[in-house]
Amino acid sequence: MKRVYLDHSATTPVRPEVVEEMMKYLTDNWGNPSSVYSRGREARKGIDEAREKIAHLLGANPQEIIFTSGGTEADNYAVMGAAFANQKKGKHIITTSIEHHAVLDTCKFLERQGFEVTFLPVTPEGIVRVEDFERALRQDTILVSVMHVNNEVGTIQPVEEIGRVCREKGIIFHVDAVQSFGKIPVNVDELNADLLSISAHKIYGPKGVGCLYIRKGTKVQKLFYGGAQERRRRPGTENVAGIVGFGKAAELAIKEMGEETEKLTKLRDKLIAGLQEKISDIKLNGDPVQRICNNVNVSFKYVEGESLLLSLDMKGIEASSGSACTSGSLDPSHVLTAMGVPFEFIHGSVRMTLGRDNTEEDIDYVLEVFPEIVDRLREMSPLYNK
Amino acid sequence: MYSEVVMDHFTNPRNVGEMEDADAVADVGNLSCGDTTRIYIKVKDDVIEDIKFKTFGCGAAIASSSIATEMVKGKTLDEALKITTEEIVDALGGLPPAKVHCSVMAADAIKKAIENYREKNKED
C-alpha cells in the first residue's frame, strides 16, 4: 500500500546525512565531552562545531546557545527562567492563547506561583493583533512569549513588531521558533528576540535535542543543578550525537530552505484547492496567505476527526486532528477554540503537514481517496442531510 | 490502539443506515465530546426485528454502535434494555481507557429507542 506521511509538524524522519554525522559520535567519538583526554576532546569538538553552526544560522554568538532536551525544555527554561529571575521587577507576563502547551502550561504553572498572565486573543484567522498586545502591556510586564509560527494552523505571527515594542520598553521577549526554523528566516536580531527556542526533530534531526538562545545579558534562572556543562546553565552530560545531528540538520535545512519552501508552498496550495473543489462543507482553518509553507488544516462538517484519521490511516495516509476524541483529554484544540471556529468544525478538523519527501503524486493520491472517506463517514452521520 | 474487533466494526459497520418505517427512533448526544448517535428500531411481538444506527463520532463510537445493534437484534425489548456499556466494551475486545466514554451512547440510544417505542404504544 502507498504510504503518505503528512505529519511533519509532529516530527520528521532523520536525514541520512544527519545519521551519518551522528554515527561518528555513537561509535568512535563516544567520550564524555568534559574529559580532558583526546577521546573527550573529540566529543567536545563535535558539540562546539554544532553550536557554532546553529549560532551562525540564528545570527547569534555561540555562547548564547544552550542545548536542551528539545523544544519543550527550551520553552520551559525560557518562560520559567525569565519569570523567576526577573520577578523583583514585576510579575506580569504576556503570551497568546494559541501557544504550544510547552509555553501555555508553563504560564499556567506560573499563575499558580503568583504571576499574572495575559493570554492574548487571536483573529478568526489565528493571528495575534499587535494592538491587543500593546494594550496588554503594563508597568510590571517582565516577559512576553509569542510563537513564530503556530503548530496547528501554521499562521505566521507578527513577532518582529512585538519584538520591537519589547525592545523599546526593555521587556524580555521569548519566541518559540520550533515550527518556523528551517522554513522561514529566523534571525534573533531581526526578531528582537532575547530568548528563542528551536528543536531538532522538526527539521529532520534527531528527537530529544533542541536549544534555547539566550541573548547576552538576559537574566534567566536555570532549571537544573549539577555539573558545569553548558556554562553551568544546563548541567548534565551532553547528548553529543544528538547535538551533532542537530547542527547538521540545521545546516541542511537553511541551505535548502529557498527551494524547499517553494516546492512545499505549491504542494500545499494544490492540496487545499483540490480538497475545496472536491468536498462540500469544508473550511480552511488559519490564514490562507500568512501561513507556513507546509501546513494544511481543514475542517469537514458532519465528520469527526478521529474517524477521518483512522480512515486515512487505512489508506496509508498519516495526519493529525484537533478533535476532542483524538486529544486523549477530551479537550478540543485550544487553538481552533481561540480562533472561534464553530464546535462542529473543530470536531472535524484535520491537519496535514507536508515535508521534503512529499511529491505531486502523493497529493494526487490524497485527493483521490479523501472524498470517498468523507462521503462514507457522512453517510453514517445522523447530522448529515444530502 | 484499537482492537481488531473495533477496527472491523469501524471499517464494516453492521446495521448502519436509516429506516423509513421505524417503530421508534432515538437520538443521544455525548455532551463531553459532541458525538451523536441515532437508533431506529422495528419491533414485532415485543422483539427487535430490525435495528439501524447512524453515528457521528470517533472510531470507538461507531464501532460500539455497530456491535451494540448486533447484540440486541432479535432480542426481546426487556432483554435489550439490559445491555450495558461494559458488555459492549467487552464484546469489542476492550477500548483504550480514554475512549470508554465514547461507547456509552450506544446503550443509551438503544434504551431511549425502546422507551420511546413503549411510550408511543401506551398512547395507542
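**Buried residues and interfaces in a two-chain model**

A:Ala82 is buried, with a relative accessible area of 1%. The model in which this value was computed is a predicted one. A:Ala82 belongs to helix 3 of chain A, which covers residues 71-85. Apart from neighbours within four places in sequence, the residues in contact with A:Ala82 are A:Tyr77, A:Ile142, A:Leu143, A:Ile172, A:Leu195, A:Lys219 and A:Val220. A:Asp48 stands 34 residues from A:Ala82 along the chain, and the C-alpha atoms of these two residues are separated by 25 Å.

Helix 3 of chain A also holds A:Ala74. A:Ala74 has a relative accessible area of 0% and is therefore buried, the limit being under 20%. With neighbours within four places in sequence set aside, A:Ala74 is in contact with A:Thr68, A:Ser197, A:Cys211 and A:Leu212. One of these contacts, A:Ser197, is 123 residues away from A:Ala74 along the chain, yet the C-alpha atoms of the pair are separated by 5.4 Å.

A further buried position was examined in helix 7 of chain A, where A:Leu252 lies. The relative accessibility of A:Leu252 is 7%, so this residue counts as buried. Outside the range of four places in sequence, A:Leu252 is in contact with A:Arg15, A:Glu17 and A:Val18. Between A:Leu252 and A:Tyr204, which are 48 residues apart along the chain, the C-alpha separation is 9.1 Å.

Chain A is divided into two domains, with domain 1 spanning 16-255 and domain 2 spanning 256-380. The contact between them draws on 29 residues of domain 1 of chain A and 22 residues of domain 2 of chain A. The C-alpha centres of the two domains of chain A are 28 Å apart. Together, domain 1 and domain 2 of chain A bury about 2,200 Å², and carbon and sulfur atoms account for 57% of this area. Of the area that domain 1 of chain A buries against domain 2 of chain A, 31% is supplied by A:Glu152, A:Val153 and A:Lys183, more than by any other three residues.

The polar side of this domain interface was examined next. Zero salt bridges were found across the interface of domain 1 and domain 2 of chain A. In contrast, 17 residue pairs in polar contact were found across this interface, with both residues at pLDDT 80 or more. On the side of domain 1 of chain A that touches domain 2 of chain A, the elements giving two or more residues are helix 4 (101-112) and helix 7 (240-255) of chain A. Helix 7 of chain A gives the most to this side, with four residues. By residue class, the side of domain 1 of chain A that touches domain 2 of chain A consists of 14 nonpolar, ten polar and five charged residues.

The interface between the two chains was treated in the same manner. The contact involves 24 residues of chain B and 21 residues of chain A. About 1,800 Å² is buried between chain B and chain A, 67% of it on carbon and sulfur atoms. B:Phe10, B:Lys54 and B:Phe56 supply 34% of the area that chain B buries against chain A, more than any other three residues.

One salt bridge was found across the interface of chain B and chain A. The salt bridge is formed by A:Glu306 and B:Lys99, with the closest N and O atoms 2.8 Å apart. The number of residue pairs in polar contact between chain B and chain A is ten, both residues being at pLDDT 80 or more. On the side of chain B that touches chain A, two or more residues each come from helix 1 (4-11), strand 2 (36-44), strand 3 (47-56) and helix 2 (59-72) of chain B. This side of chain B comprises twelve nonpolar, eight polar and four charged residues.

A:Ser381 has contacts in both chains: with residues up to four places away in sequence not counted, A:Ser381 touches A:Tyr302, B:Lys54, B:Thr55 and B:Phe56. Among these, B:Lys54 and B:Phe56 also belong to the three residues named above for chain B. A:Ser381 is located in the segment after helix 13 (360-380) of chain A. The relative accessible area of A:Ser381 is 0%, so this residue is buried. A polar atom of the A:Ser381 side chain lies 3.2 Å from the backbone nitrogen of A:Leu383.

Conventions: Residues are numbered from 1 along each chain as its sequence is written. Chains are lettered from A and ligands numbered from 1 in the order in which they are written. This is a predicted model: local features need pLDDT of at least 70, side-chain atom pairs count only at pLDDT 80 or more; totals for chains, interfaces and linings use all residues. Side-chain values use heavy atoms; hydrogens and water are left out. Domain bounds come from an automatic or database domain assignment. Contact means heavy atoms within 4.5 Å. Buried area is the accessible area (1.4 Å probe) that two parts lose on being put together, summed over both. A salt bridge is a side-chain nitrogen of Lys or Arg within 4 Å of a carboxyl oxygen of Asp or Glu. A polar contact is a pair of N or O atoms within 3.5 Å; within protein, one must be able to donate a hydrogen and the other to accept it, and residues adjacent in sequence count only if both atoms are side-chain atoms. Ala, Val, Leu, Ile, Met, Phe, Trp, Tyr, Cys and Pro count as nonpolar, Asp, Glu, Lys and Arg as charged, and the others, Gly among them, as polar. Buried means under 20% relative accessible area, exposed over 50%, partly exposed in between (1.4 Å probe, protein chains only).
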